[in-house]
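Please work through the exercises below with the sequence and the coordinates open beside you. Each one sets a task and then gives a solution in steps.

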Amino acid sequence: MSERISDAEHAVMEVLWKESPLAAAEVAERITPSRGWSIRTVKTMLSRLLAKGALVHEEDGRRYLYRPAIAREDFVARESRRLLDRMFGGKLTPLVAHLAEQDELTPADIAEIEALLKALKS
């Protein structure tokens, strides 16, 4: 999968990562109601995701069942790498420094980072 997934498409992927395979109508039922999407909109998103290789489908009578072609963990890893590369020159330290400077790190976050670093050093 080489093309990026839009925020709207990501909402569809989250539904399918939680539960699959699902038909288009089932995906539409599970999409956050605040989006106000029609079944037609959901089908458009599913078609785009199929074209991008993010989903696969199988026939089930007169309907298609959709499932992710990429694991959520792989998607998160790829998107995280893109963010680091684009915004921080591929380096993690400037990202953490930025979050710390913006008061985005809680004491619990700092403790988790310290524990992670300690584990990585071992």
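The exercises that follow treat a helix, a surface patch, a core, single residues and charged pairs.

The model is predicted, so local features need pLDDT of at least 70 and side-chain atom pairs count only at pLDDT 80 or more, while totals for chains, interfaces and linings use all residues. Residues are numbered from 1 along each chain as its sequence is written, and side-chain values use heavy atoms, with hydrogens and water left out.

**Exercise 1. Check the length of helix α6 against its end-to-end distance, and decide whether the helix is buried or in the open.**

Step 1. Helices (H or I, at least four residues) and strands (E, at least two) are taken as DSSP runs and numbered from the N terminus; on that basis α6 covers residues 107-121, which is 15 residues.

Step 2. The expected span is 1.5 Å times one less than the number of residues, which gives 21 Å for α6, and the C-alpha atoms at its ends are in agreement, being 21 Å apart.

Step 3. A residue is called buried under 20% relative accessible area, exposed over 50%, and partly exposed in between (1.4 Å probe, protein chains only). The number of buried residues in α6 is 0, so the helix lies largely in the open.

**Exercise 2. Find which residues make the nonpolar surface patch of about 530 Å², and trace them to their elements.**

Step 1. Patch members have over 30% relative accessible area and no salt bridge; like charges are joined within 9 Å, and nonpolar side chains (Val, Leu, Ile, Met, Phe, Trp, Tyr) within 5 Å. The areas come from the Shrake-Rupley method with a 1.4 Å probe, and for residues only the protein chains shown count as cover.

Step 2. The residues that make this patch are Leu92, Val96, Ile113, Leu116, Leu117 and Leu120. Two or more residues each are given by α5 (92-101) and α6, and the largest share, 4 residues, belongs to α6.

Step 3. As a single case, valine 96 sits in helix α5 and is partly exposed, at a relative accessible area of 30%.

**Exercise 3. Describe the largest nonpolar core, and then look at valine 27 and its contacts.**

Step 1. A nonpolar core is a set of buried Ala, Val, Leu, Ile, Met, Phe, Trp, Tyr and Cys residues joined through side-chain atoms within 4.5 Å. The largest has 20 residues, of which Val12, Met13, Leu16, Val27 and Leu46 touch the most other members.

Step 2. Elements that give two or more residues to this core are α1 (7-18), α2 (24-30) and α3 (39-52), and α1 gives the most, with 6 residues.

Step 3. With contact meaning heavy atoms within 4.5 Å, and with neighbours within four places in sequence set aside, valine 27 is in contact with Val12, Val15, Leu16, Leu22 and Val42.

**Exercise 4. Establish whether glutamate 9 and alanine 11 are buried or exposed, and list what they touch.**

Step 1. Glutamate 9 lies in helix α1 and counts as buried, at 2% relative accessibility. Not counting residues up to four places away in sequence, glutamate 9 touches Arg4, Met45, Arg48, Leu49 and Lys52.

Step 2. Alanine 11 also has its place in helix α1 and is buried at 14% relative accessibility. Leaving aside neighbours within four places in sequence, alanine 11 is in contact with Ile31, Arg35 and Trp37.

Step 3. Threonine 32 is 21 residues from alanine 11 along the chain, and their C-alpha atoms are separated by 8.3 Å.

**Exercise 5. Identify the peptide bond between serine 20 and proline 21 as cis or trans.**

Step 1. Most peptide bonds are trans.

Step 2. The bond joining serine 20 and proline 21 is cis, with omega about 5 degrees, and proline 21 belongs to the loop between α1 and β1 (22-23).

**Exercise 6. Examine the salt bridge between aspartate 85 and arginine 81, and place it among the others.**

Step 1. A salt bridge requires a side-chain nitrogen of Lys or Arg within 4 Å of a carboxyl oxygen of Asp or Glu, and the structure holds 10 of them.

Step 2. Aspartate 85 and arginine 81 meet at 3.2 Å, N to O; being 4 residues apart in helix α4 (residues 72-88), they are separated by about one helical turn. Aspartate 85 is partly exposed at 42%, and arginine 81 is partly exposed at 41%.

Step 3. Salt bridges also link Arg4, Arg78, Glu79 and Arg82 in a network.
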